[in-house]
Structures are given as structure tokens and as C-alpha cells.
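Please open the structure in a viewer and keep the selection tool at hand. The tour below proceeds by selections, each followed by a description of what is found there.

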Amino acid sequence: MRVAALLAAALAGTANDGWIDRHIEFRLEGVTPSPLCDEPEFLRRVSLDLAGVVPTMSEARAYLARPDRRKLVDRLLESDEFSARWARFLLELTAESRAISFGNQDFNGHAYYGWLVRQIHERRPYDRIVRDIIGAKGGYEEAPEVQFLIRWRVIGLGDLTSHLGKAILGTRLRCAQCHDHPYQRISQEDFWGVAAFFTRTREYANTDDGLPGITEVKQPFKIRLPSQELPKEGAPPPEPVAIEPRWLGASGPASGAGRAELAKSLAADPLFAKNIVNRLWAELMGRGLQEPLDGFGGKTKPSHPRLLDELAGHFIQSGYDLRATLRLIAMSKAYQRSCRSDGMEPALFAHAALRPLSVDQLYLSLNRATVVQEPSAPRLDAGSGKANAKEMMMADRNAASSADALYADRWPRQLLGDVPGASTAGRLAMFNRREIQKLIDAGVHAALKAMGPNVGEDHFEYITLALLSRPLSKSERKRVEGKKDTADLRDFFWAAVNSIEFRYNH
Amino acid sequence: MSCTCTRRSFLGMSAGAVFASRLAPLFGQESRFGRAKNCIFLYMSGGPSHLETWDHKEGSSCVKAIDTAVRGVRISEHLPRLAKVTDRLSIVRSMTSTEADHAPAATLMLTGNGGGASAAQAFPAFGAVCSKEWSPGSAALPTYVGVGSGGGPAFLGNEHGAFMVDLSDPLSILRPREEDQPRLTTRLGLLKAADDDFVRRTNPTTVTDDERKAVHRAVEMMGPKAYKAFDVSQENERVRAAYGDAGDTPSAFGRGCLLARRLVEHGVRFVEVILDKWDMHYDIDQLIGPASEELDAGMGTLIQELTDRRLLDETLVVWMGEFGRTPGPPPRFQGKLGRDHWAKAFSLVLAGGGVARGRVIGATDAIGAHVTDRPVTPQDFHASLYHAFGFDLNKKYMTLDGRPVKLIEKGSVVKELFA
């Protein structure tokens with residue numbers, strides 16, 4: 001299917017409201033979906049999804065007094081936290097890890113993160129962002145978007161190309177590296193044709209500060225094909241060969257416009273839009289319409305192919321606007337259902353998924369729920385984006401350093417473990433790590449500061465509002481009845497932080 | 001493995017142990033089946049050069065070779081302690097694989113299988129298989145501990161994934177702060193009530209069940225037993241120094257090896273320790289010395305201590321990376337000596353757990369490019385591991401997408417390892 005066809009699908013399908021849900025309901029075939037979630041659930045879920053953090057106390061109080069889902073979604077889409085949260089998403093998508101190693105130095109990736117925050121804040125279309133990342137050149141300081149190329153170039157051109165396929169097209173080109181791809185018609189020649197778009201780039205390090213950069217050279221370098229066959233026993237590895245840049249399936253070599261042409265070819269591929277909307281869908285719905293996310297063109301097919309096409313078409317039509325697609329998904333009934341699953345097949349999207357908080361979500365939420373004053377959110381304005389992006393990063397770090405916490409990057413991986421969700425080490429860390437206990441102390445302090453020194457029901461409700469975005473439940477009211485001690489507050493806070501309800505988005 | 005089955009049913013007999021020792025010569029390698037009760041897996045992430053470690057080649061290796069405790073077997077000059085304990089090792093010089101990229105090669109070497117098209121089709125790492133098949137050595141301790149790295153459990157379930165240790169501070173997670181200790185019972189009561197409420201509201205799922213099991217296991221680990229096991233500071237300075245865990249730049253790998261020995265003594269059954277310094281595309285001539293010395297102190301001391309404490313017979317030590325490095329004299333890339341990935345031929349090392357002592361298995365050609373004798377594939381290697389562990393290679397497991405699979409489909413046990 002070509003991009004034009006995706007657009008046609010979008011125009012035909014999205015003329016009326018509720019088109020996402022018509023696709024979802026069509027496949028339910030008699031299964032009764034879960035009812036819509038209640039307001040506290042929606043508030044917490046959509047805040048974690050769009051802004052990457054639980055709502056502040058005042059946001060929670062204001063929303064619960066006057067709930068309006070559309071207004072809430074619109075406000076979150078315009079928030080600074082939104083830019084930061086989706087910058088982290090793009091950072092992980094493009095570079096996988098935040099820090100990069102170059103030469104013998106490690107760079108923390110904050111500059112690239114700041115650049116991404118700025119792109120999202122300034123509403124740069126997604127295709128432009130990708131184009132800039134692919135075509136990046138210059139030094140890391142003035143053009144931090146070179147991080148993507150450097151990150152993969154230092155491992156190898158093959159890794160760069162594989163990752164491009166995986167992240168930007170949602171498809172695995174990797175298997176073509178040493179032999180022809182088993183499932184798709186991408187030959188080894190095709191693979192290295194794409195890789196060859198980068199053969200005029202070279203990474204360098206400044207002599208004074210060691211900061212890396214990407215420069216373009218006139219003479220394309222040759223590629224050492226990673227053959228695992230030696231021509232003859234004892235002979236040296238094969239010589240590098242010159243390869244012409246050629247887009248997948250193109251009849252002839254590329255025109256010579258280099259990486260700009262590659263970016264154009266990528267954006268013209270229908271998988272370009274399908275991949276990103278599928279990933280946005282997965283971020284909010286717990287699984288992609290296509291699973292695995294990098295499995296386009298592989299053995300598994302999308303669960304709702306027409307919905308995927310229409311979402312992709314809509315995304316293109318919106319001018320590659322991430323906010324537009326996220327708004328559509330967040331306003332669908334499918335997104336707003338309760339997470340009561342009652343044994344229903346997850347791929348039906350008949351209920352919301354129970355998703356463990358990411359390390360970032362956990363970290364930011366714990367920090368937010370335990371500070372006395374709402375940290376004044378740093379304002380970004382488009383006019384002086386660069387300085388403000390830096391401010392934003394600093395603010396991010398300052399918020400983190402409040403209550404003596406560590407920056408999320410340096411949080412022990414133990415807190416969630418390698419496997420998201422339940423891990424014994426992760427649970428023990430949350431039970432006992434000193435950093436967490438200090439945060440709990442700070443949270444109790446904040447509750448006392450806000451609600452006065454005489455402990456009562458209000459203090460316990462402060463904790464459920466701060467962590468779980470909801471008032472005290474009936475059974476909780478019973479449990480805290482007559483509790484007057486700060487130690488009781490601490491116990492309650494500890495239990496709330498370790499509860500499934502806090503550790504998951506639901 | 002028909003011989004495996006025979007052996008298993010034989011061991012099932014009441015007088016099995018007595019007969020086993022008397023009949024051992026008749027059974028040959030079968031008598032070593034299931035001898036390993038524990039495993040310490042030293043994961044050489046990055047792909048160590050076989051030419052600069054166990055498979056020295058005159059004219060190609062950029063290190064010198066030294067004699068070892070086994071006559072005629074020479075290894076890198078940077079491994080002097082390991083040279084002294086080579087009489088307890090089996091060196092396999094004829095590993096051969098098809099994957100030369102880090103991620104898929106690691107998957108292949110850790111699981112014996114390729115990655116599959118989706119997470120649902122992924123295979124468990126062999127540490128997770130041990131966690132599944134072996135009974136826990138102690139309810140207060142995890143069965144599988146990862147120091148710096150740990151393999152995924154795939155379809156075996158989250159509880160069989162590695163318990164990850166933060167080596168800089170392994171203890172503080174095992175005990176509440178002093179002032180919080182009297183509150184623990186109350187807190188756990190409140191936590192249970194909160195989770196009960198949540199599950200009642202949403203309804204129970206595998207996710208909530210797993211979470212509650214994890215809480216249960218975490219609480220079990222908060223007693224004195226685990227604390228003592230993880231407390232490396234109880235070891236004396238001399239021992240710690242021997243492992244390399246001393247001085248200005250203490251070796252994390254060395255401390256990991258020491259912790260591994262301690263944990264195994266206390267009842268942890270599988271410990272994985274990473275040394276992630278082997279991806280030497282550049283400057284191999286400069287990087288190989290320090291990395292090897294760290295390896296030598298950690299692994300050399302470990303083998304000696306396991307011997308002294310009579311733990312080596314029941315503890316299989318595995319030294320393995322994901323592949324080797326390009327053969328011949330190291331080529332120059334951008335003016336620096338380096339080696340790329342090479343999967344056609346590389347080395348791995350096993351010791352203890354019933355594995356033959358002082359043996360070299362297989363060989364490569366004059367420059368370390370090809371296997372010339374006794375090729376061993378990752379699947380053969382895994383079949384051999386499971387032989388040492390006493391696992392049934394015919395057992396079927398269910399993948400997450402509901403297909404019955406065997407862990408090892410094609411490999412066969414490397415008999416020389418057990419003869």
C-alpha cells in the first residue's frame with residue numbers, strides 16, 4: 001500500500017467521530033468490553049501516558065472537582081512535561097541508551113535529550129525530526145542530534161542500518177546482514193545499499209574537549225562486508241568494497257543527494273507512518289496493533305490492519321503531528337476502558353492493559369508526590385528554545401535532586417529489574433533502599449506541612465491523592481480510623497508506594 | 001539422548017548412589033551425568049579473543065604464551081594463576097557458531113537457540129533453566145543470582161529470572177532501616193490490604209499473581225540468612241585481595257567471583273558474573289593485559305578456592321563469551337591494532353561439576369581461523385551443560401504462544417568433556 005492509499009483510507013474512514021472504536025468493536029464479535037474507567041483512573045492513566053508522571057496534588061483536586069476528559073487531554077498535550085516525556089520516548093526509540101561512548105569518553109546524552117525536548121515543544125513534525133537526525137552533521141554541542149549517528153556508527157554501519165529499519169520502519173533488516181533475509185524480500189545487496197547512504201559520513205572527536213561530531217567527506221569509504229566465510233583457509237578477511245547507495249526496491253542507484261535522499265525515501269515508505277503510529281498506540285494501549293513492534297513484513301500480521309492504515313493516514317494528513325495521533329487514541333473509548341480484564345484476549349483491546357510504570361514514570365511520580373511545594377514547572381518558549389531546553393534539563397535534574405534522590409538514569413536498575421513488573425530484587429529495593437525511605441519521609445513531611453501537625457484522615461487522603469490520584473476508599477477509611485501518629489502515616493505511605501495500584505498504570 | 005534416559009532411570013533406583021560409583025568405569029561419561037549441583041557462570045561479554053586467551057598462536061597472538069600445569073598446554077602470559085589451575089579445566093578450543101553480532105550471538109550462546117520472531121518465542125537463558133529445574137537450595141535465597149548481568153526467563157516465568165545484585169551495595173535492600181524494622185509487620189499488613197482492594201476492583205490476573213508472589217519471596221529474603229550470604233565484608237582482606245577486590249581500583253568482577261563462591265556455599269545454586277571488557281575492536285594490544293589480569297585474579301582464585309573447599313566437584317564453572325575475534329595477526333584499523341567479531345572459531349572453558357580435568361578439546365588452524373578438530377556448536381555446548389546439570393534433553397516446555405518445544409533440538413553431548 002502506498003502513502004497515497006493510506007491517505008485515502010484516512011479520508012474515507014475518519015469522516016465521523018468514533019472511527020477508532022468502530023474498528024475495535026467490529027472485531028469484538030460478541031465479547032462485551034469493559035465499561036469506561038472512572039475519573040480518578042482516567043486522570044492518573046492519561047497523565048502518566050501523556051506527561052509521564054502522576055498529576056500534582058492541585059491538578060488532581062481541580063480535575064476531580066470538575067472532570068472534563070477532552071480538556072484534560074488538551075492541557076496535557078500542551079504541557080512541558082509532555083515535551084519531556086515524548087523526548088524520552090524518541091531518545092529511546094532512536095538511540096536506545098541515553099549515554100553514548102565515544103573514544104574513551106562517555107557522554108550523558110543530555111544535549112540530545114534537550115534537542116528532542118525542543119523539537120517536540122516547538123511542534124516540529126515527526127518527519128522533519130527524523131530527517132534532521134539522519135542528516136545530522138557538525139559537533140555534538142551545536143548539533144546534538146548527531147548523537148543518533150554516532151551512537152550506531154561507532155558500533156558499525158550494519159548496526160546503524162539495522163537500527164534505522166527497526167526504529168523508523170518497524171521492520172528487521174538485520175537478518176540480511178550475513179545472508180538473505182528469511183521472511184522478506186530484502187537481499188544482502190539491498191541492505192548494504194541502504195547502509196551505503198552513510199558512506200560519506202565520518203565521526204570525529206574535537207582535539208581539545210574530545211566532544212564527538214559527524215562530518216561529510218567527498219570520497220565515500222568502502223564497506224567491509226561481514227562475511228563469516230574466508231575465501232581460503234588462512235587467507236586474510238575480505239577486502240572492503242565500494243557500494244552504491246540504493247533505496248530498498250529502487251530500480252537504480254540513488255541520485256547522489258545522500259542522506260537527504262535517504263530521509264525522503266524513508267518518509268515515502270508506508271511503513272514510516274505505520275511504524276510510528278503503531279508505537280504510539282503501544283505506548284498508550286500496552287501493546288501494538290502490530291506485534292512485535294519491529295515485526296512489519298514478518299510472520300505476524302497486525303490485529304486491526306485497517307485501523308492501523310487509517311491511523312497512519314490520519315497522521316500523515318495531520319502533518320506528522322504526534323499530538324494529533326495521541327489525542328485521537330486518548331479520546332477513544334478503547335483507551336478509556338477500565339482495566340477489568342475478565343479473561344478477555346488482550347489483542348482485542350476490550351479492556352485497558354495493566355502496565356508496570358517505567359523507571360522514569362516511577363521516579364518522576366515518586367518525586368512529585370513527595371515534595372512540599374509543587375516545583376514551578378520550567379516554562380519553555382519557542383523564541384529562545386535553546387537556552388530554555390537547557391533550563392528544562394536542569395530543572396529536570398533539580399526536581400530529581402530534591403529529597404536527595406538520584407537522577408533517573410542513575411537509579412539502580414534493580415528498582416524495576418530487567419524484566420518489567422514483578423522481580424524479587426526490585427521489590428526488595430522498593431521495600432528497603434535508603435533513597436526510597438528518604439523519599440517516603442519527605443512525603444510524610446509534605447503531608448504534615450499541607451494538612452497541619454495533627455494527623456487525621458485528611459493526611460491519609462493527601463497520600464492517596466498524591467500517589468494514586470484518588471480520595472481515600474471506604475476500606476482505607478476504616479483502616480486508618482483512629483490513627484494519629486506520623487509513624488502510621490509513614491507505614492501507610494510505604495504500603496501505598498509498594499502497592500500494585502501505584503506500581504502500575506491501570 | 002537415549003543414554004541419558006537410561007542413566008536417569010538407573011539413578012532412580014534406591015541403591016543408585018552405591019552402584020553408580022562401582023559401575024562408573026562401565027558407564028564412561030554417563031557417570032558424570034548430573035554431577036553439577038551448582039553453577040558459576042563467568043560471562044565474558046563483548047567476545048574475548050581466543051588468540052589472546054586460551055588458544056595462543058605463534059605469529060598471530062599479540063601476547064606471549066606461558067606453560068601451564070598441564071604439560072604441552074600453553075595459554076596467554078596474562079593468565080598466570082589460571083595456568084596454575086589448568087589441570088582442573090577443560091578448554092574447548094573448537095567452538096563454532098554462525099552468529100557474529102553481539103545481540104543474536106549472546107542469545108544463541110546463552111539460550112542455545114536463536115531469538116525467534118517475537119518475545120513469545122524467546123528461549124530462556126540456561127541460568128533460568130537451572131532455576132526452573134533445580135529445587136531452591138534455601139527458601140531464604142534466590143536460586144539464580146546475577147552480578148552485573150542475568151539471563152531472561154522467557155517462557156519459564158518471571159520468578160526464574162536472575163535476582164540482580166547491586167555489587168556496590170548488595171545489603172541495604174535486604175533489611176529495613178533500623179527505625180523501620182519494628183514497623184515491618186504492620187506495613188506488610190497494609191500492603192496486603194491495599195493489594196487485596198486493588199485485585200478485588202480489577203480482578204486477579206497473572207500480573208497481580210506474579211506481583212504477590214514476588215512480595216512473598218522478597219519477605220522471605222529479609223531474614224538473617226540472605227544477609228549473611230551477601231555480606232562479602234565477612235571475608236578476610238587477604239582473600240579479597242587475591243580476587244582483585246582491593247586497592248585503588250577494586251575489580252567488580254573479582255568481587256563478583258568472591259560473592260559467587262560465598263553464595264554457592266550458602267545455598268544459591270546459580271550465580272552469573274559479568275566481565276564486560278572484551279569488545280576490542282581497537283587497541284587490543286593495550287587492553288588485553290588489564291582485562292586478562294582481572295579475569296586471572298577472579299577466576300584463578302575462584303577455581304583454587306572451590307578446590308580447597310571441596311566445592312569444585314559439585315560446582316560447574318563456565319567461562320564463555322558470545323564469540324571470538326578475527327584470526328591472524330591483529331589488523332590495524334585507523335592506526336590501531338584491533339580484532340573484529342569472529343564466530344567461526346573460538347574457545348570456552350569449563351571446570352568442575354564432573355567435567356574432565358586438565359583437558360583440551362578440539363583445535364583450530366595455524367592462525368585460529370577455522371576449527372580443524374572436533375567442532376562444537378552452541379547446541380552441543382548446551383546439551384553438554386544440561387548433561388552436567390542432569391536435565392532431560394527430551395523434556396518439552398510450553399512457549400508463551402503455546403507451542404511445545406525442547407530446549408535443545410539438535411545438539412549432542414560433547415563426550416570428551418565427561419570421559
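The stops that follow concern a sheet, two helices and a contact between chains.

**The sheet of chain B**

Please note at the outset that this is a predicted model. Begin by selecting the strands of chain B in the order β6-β5-β7-β1-β8-β13-β4-β14, which form an open sheet of eight strands with mixed pairing. At its edges stand β6 and β14 (359-361) of chain B; each has a single partner strand, so one side of each is left without a neighbour in the sheet. On average, neighbouring strands of this sheet are turned by 20° against each other, direction ignored.

Next, select residues 89-95 and 346-351 of chain B, which are strands β4 and β13. These two strands pair in the antiparallel sense over five bridges. Within chain B, M95(B) can be found opposite F346(B) of β13(B).

**A helix across the sheet**

Now select residues 284-308 of chain B, which make up helix α11. This helix has 25 residues and should span 36 Å at 1.5 Å a residue; the C-alpha atoms at its ends are 34 Å apart, which agrees. The strands that α11(B) lies across are β1 (38-44), β8 (315-321) and β13 of chain B, and the helix runs at about 165° to β8(B). After α11(B) comes R310(B), which has a positive phi, near 55°.

**The helix packed beside it**

Keep α11(B) displayed and add residues 252-266 of chain B, helix α10. The axes of α10(B) and α11(B) are 8 Å apart, and the helices pack at an angle of about 15°. As this angle is under 35 degrees, α10(B) is roughly parallel to α11(B). Their crossing is right-handed.

Which residues of α10(B) meet α11(B)? They are F253(B), G254(B), C257(B), A260(B) and R261(B). On the side of α11(B), the residues to display include E294(B), A297(B), G298(B), M299(B) and L302(B). By class, this contact has seven nonpolar, three polar and three charged residues.

**The contact between the chains**

Finally, display chains A and B together. Their contact takes 51 residues from chain A and 52 residues from chain B. On the side of chain B, the elements that give two or more residues are β6 (163-165), α6 (184-202) and α7 (206-220). Select α6(B) before leaving this stop: its ten residues are the largest share of the side of chain B that touches chain A. That side has 23 nonpolar, 15 polar and 14 charged residues.

Methods: Residues are numbered from 1 along each chain as its sequence is written. Chains are lettered from A and ligands numbered from 1 in the order in which they are written. This is a predicted model: local features need pLDDT of at least 70, side-chain atom pairs count only at pLDDT 80 or more; totals for chains, interfaces and linings use all residues. Helices (H or I, at least four residues) and strands (E, at least two) are DSSP runs, numbered from the N terminus. The expected span of a helix is 1.5 Å times one less than its number of residues. Two residues are in contact if their C-beta atoms, placed from the backbone, lie within 7 Å. Ala, Val, Leu, Ile, Met, Phe, Trp, Tyr, Cys and Pro count as nonpolar, Asp, Glu, Lys and Arg as charged, and the others, Gly among them, as polar. Two strands pair if DSSP finds at least two bridges between them. Axes are lines fitted to C-alpha atoms, for helices over the stretch in contact, and angles run from 0 to 180 degrees between N-to-C directions. Angles under 35 degrees count as roughly parallel, over 145 as roughly antiparallel, 65 to 115 as roughly perpendicular and the rest as oblique. A crossing is left-handed if the near helix is turned anticlockwise from the far one by less than a right angle, and right-handed if clockwise.
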